[in-house]
Amino acid sequence: MKRTTLSLIAGATALAAVTGFASLTTPDGPAAPEAKAATRLPVQRAGLVCPVPSTSEVAETLYTSYTPPSTIAGTGTGTGSGAAKGGGSGKTEQPTAQLRPAVNTTTSGGTAKGGKKAKAPKAPATVTAPGKPVTAEADGSAAPALTGAATGTLAPGWTVQQTTVVPAGGARGLLGLGCGAPDTDFWFPAASTAKERQDYVHLTNPDDTAAVVDIELYGPEGALKSQFTEGIPVPARSTVPVLLPTLTGEAAQQDVTVHVSTRSGRIGAAIAAADEKLGSDWLPAAADPASSVVLPGIPGDATSVRLVAFVPGDDDADLKVQLATTSGTIVPAGTDTLHVKSGMTAFVDLPGLTRGSAGSLLLTPSDPKKPTPVVAALRVVRGKGADTEIAFLPATAPVVARATVADNRAKGSTLSLTAPGAAAQVKITASAGSGGGTPVSRTVTVKAGTTQAITDLVPEGLKGSYALTVEPVSGGKVYASRTLALPLDGTPMFTIQTFVDDRGTVEVPAARQDLGVLD
């Protein structure tokens with residue numbers, strides 16, 4: 001028995017002895033009541049971090065903030081949080097959901113001269129009630145990193161999408177990112193230190209105390225000799241961008257895995273990747289290391305797909321590579337397996353992968369008896385010649401209860417669902433629009449081993465942008481992503497965001513015994 005368990009038992013015994021509360025079972029006494037099932041309650045606070053959207057003077061950024069209506073009985077969808085102020089005064093706190101500029105942020109992410117704050121969006125994207133997206137614009141290079149939180153009824157499932165269009169220049173492209181929750185550990189396969197790439201890892205601290213961060217780089221031959229990568233300070237409520245090639249003196253590497261971890265504090269982290277020939281987009285963190293990996297929603301018209309994988313542990317990984325298409329699971333031509341050495345970044349190009357229809361890449365152990373956790377991501381290219389655009393698709397975890405991606409458009413949004421194991425039934429909801437419209441829902445069945453692409457679920461009378469929410473109903477695990485395509489002057493600009501479970505509820509264990517007063 002663990003020491004903590006013994007301590008809890010001792011505490012309960014002392015409580016009963018001193019106060020007379022809680023009945024303890026004795027050999028001659030009544031049997032202890034059965035343990036009650038744990039209940040799930042909505043979270044009361046959720047925090048998010050958005051990095052500096054762009055350093056381009058011609059960048060146009062749209063923030064879309066959204067909280068889905070509650071599905072938990074008794075929570076309602078109104079604006080009251082139900083939390084009383086002042087120890088039973090009867091008043092309720094007004095829930096909020098708002099992002100504010102990080103302190104002393106400049107366009108390069110450093111401290112502004114003279115301590116001046118960077119310009120905030122024209123109007124903060126402030127959600128006032130669940131069910132309707134709210135947008136805000138921030139153009140040019142002055143847009144800062146943002147941090148903030150949602151409370152009360154606006155907290156469960158709160159999401160913010162950051163979408164930036166850069167029409168010209170070295171960072172040309174459509175850059176999309178779901179603003180992430182602060183954490184302490186991040187993996188980024190598919191980063192690069194190549195000469196044609198400018199990859200910045202953005203470290204943003206939302207808290208009132210400083211964070212200390214370590215960054216590790218791994219290439220195809222193993223760990224890259226690094227400098228200035230240990231103990232990087234990130235001041236309170238500030239952001240620090242770090243150009244990856246400046247962290248190592250080794251030769252440029254086309255494919256690099258980046259590991260970001262904190263010694264103290266927590267941060268938001270994302271990589272802004274700009275390729276001088278292919279375009280630019282955000283590279284989000286991959287899902288935690290797992291022996292089976294799913295990368296859902298590769299566009300059907302992708303002209304180039306590169307898989308990048310890394311093994312954080314001590315054992316090598318032998319992976320079976322499969323593609324879940326709209327009709328079933330197949331083996332990509334010429335690539336049925338991938339060997340990934342421990343501590344080394346592996347990559348493989350997958351030419352002609354999707355052949356006109358959306359698909360999802362599945363990585364599983366070649367030998368089920370030898371599962372080895374890996375992290376993985378895809379670099380996806382659409383278009384040819386000078387009219388190309390790049391996006392990244394990291395491995396993602398299944399949607400457990402609910403997940404949302406905001407900022408969808410009437411034309412250009414594709415929802416991809418995949419069920420790599422058993423068939424699954426999924427409820428999809430398109431919210432009201434940011435400027436008006438009526439929500440619509442649909443329940444679909446995703447056949448086992450397939451990917452289903454949905455483009456026609458749009459709110460009635462839509463004005464503005466809308467959010468898509470995915471909720472598993474029954475069956476096997478479901479993985480999802482959204483592709484947003486906004487062509488510009490012949491360039492097929494696009495970005496892909498995965499659906500990450502919103503963790504809108506928390507499990508609260510019920511008391512094992514009735515703590516009523518003894519007679």
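1. A good place to start is an open sheet of four strands, whose order is 32-28-35-36 and whose pairing is antiparallel. Its edges are strand 32 (450-454) and strand 36 (494-498); each has a single partner strand, so one side of each is left without a neighbour in the sheet. On average, and with direction ignored, neighbouring strands here are turned by 20 degrees against each other. Please keep in mind as you look at this sheet that the model is a predicted one.

2. Within that sheet, have a look at the pairing of strand 28 (residues 413-419) with strand 32. The two run in the antiparallel sense and are joined over five bridges. Which residue of strand 32 stands opposite S416? That place is taken by A453.

3. At the other edge, T498 is worth a moment. This threonine belongs to strand 36, one of the two edge strands. Is T498 buried or exposed? Its relative accessibility is 18%, and the limit for buried is under 20%, so T498 counts as buried. Leaving aside neighbours within four places in sequence, T498 is in contact with L393, P394, T396, V405, A480 and S481.

4. Now for confidence, which you will want to know before using any coordinates. The average pLDDT of the protein is 87, and 83% of the residues score at least 70. Residues 1-27 have a pLDDT below 50, and this stretch makes 24 contacts in the model beyond near neighbours in sequence. Residues 512-519 are also below 50, with 18 such contacts in the model. Where pLDDT is low, the predicted coordinates should not be read in detail. I would therefore not read the contacts of these two stretches in detail.

5. On the overall make-up, the protein has one helix and 37 strands. Of its 519 residues, 49% are buried. Among contacts with a separation of 6 or more, 80% are between residues 24 or more positions apart. The accessible surface of the protein is about 23,200 Å², and carbon and sulfur atoms account for 54% of that.

6. The aromatic side chains deserve a point of their own. How many aromatic pairs are there? The count comes to three. In the pair of F186 and F188, the ring centres are 6.4 Å apart and the planes lie at 15 degrees, so the pair is stacked. Both partners are on the buried side of the cut-off: F186 has 8% relative accessibility, and F188 has 0%. W187, Y218 and F310 form one aromatic cluster.

7. Finally, two backbone angles that you may like to check. Most residues other than glycine have a negative phi. R237 is not a glycine, yet its phi is positive, at about 50 degrees. This arginine sits in the loop between strand 13 (232-234) and strand 14 (239-243), and with a relative accessible area of 32% it is partly exposed.

8. The second angle belongs to D407, another residue other than glycine with a positive phi, in this case near 60 degrees. Where does D407 lie? Its place is in strand 27 (residues 403-408). D407 has 0% relative accessibility and so counts as buried, whereas R237 is partly exposed.

Technical notes. Residues are numbered from 1 along each chain as its sequence is written. Side-chain values use heavy atoms; hydrogens and water are left out. pLDDT is the predictor's confidence in each residue, from 0 to 100. Contact means heavy atoms within 4.5 Å. Buried means under 20% relative accessible area, exposed over 50%, partly exposed in between (1.4 Å probe, protein chains only). Accessible areas come from the Shrake-Rupley method with a 1.4 Å probe; for residues, only the protein chains shown count as cover. Two strands pair if DSSP finds at least two bridges between them. Axes are lines fitted to C-alpha atoms, for helices over the stretch in contact, and angles run from 0 to 180 degrees between N-to-C directions. Rings of Phe, Tyr and Trp (its six-membered ring) pair if their centres lie within 6.5 Å; planes under 30 degrees apart count as stacked, over 60 as edge-to-face and the rest as tilted.
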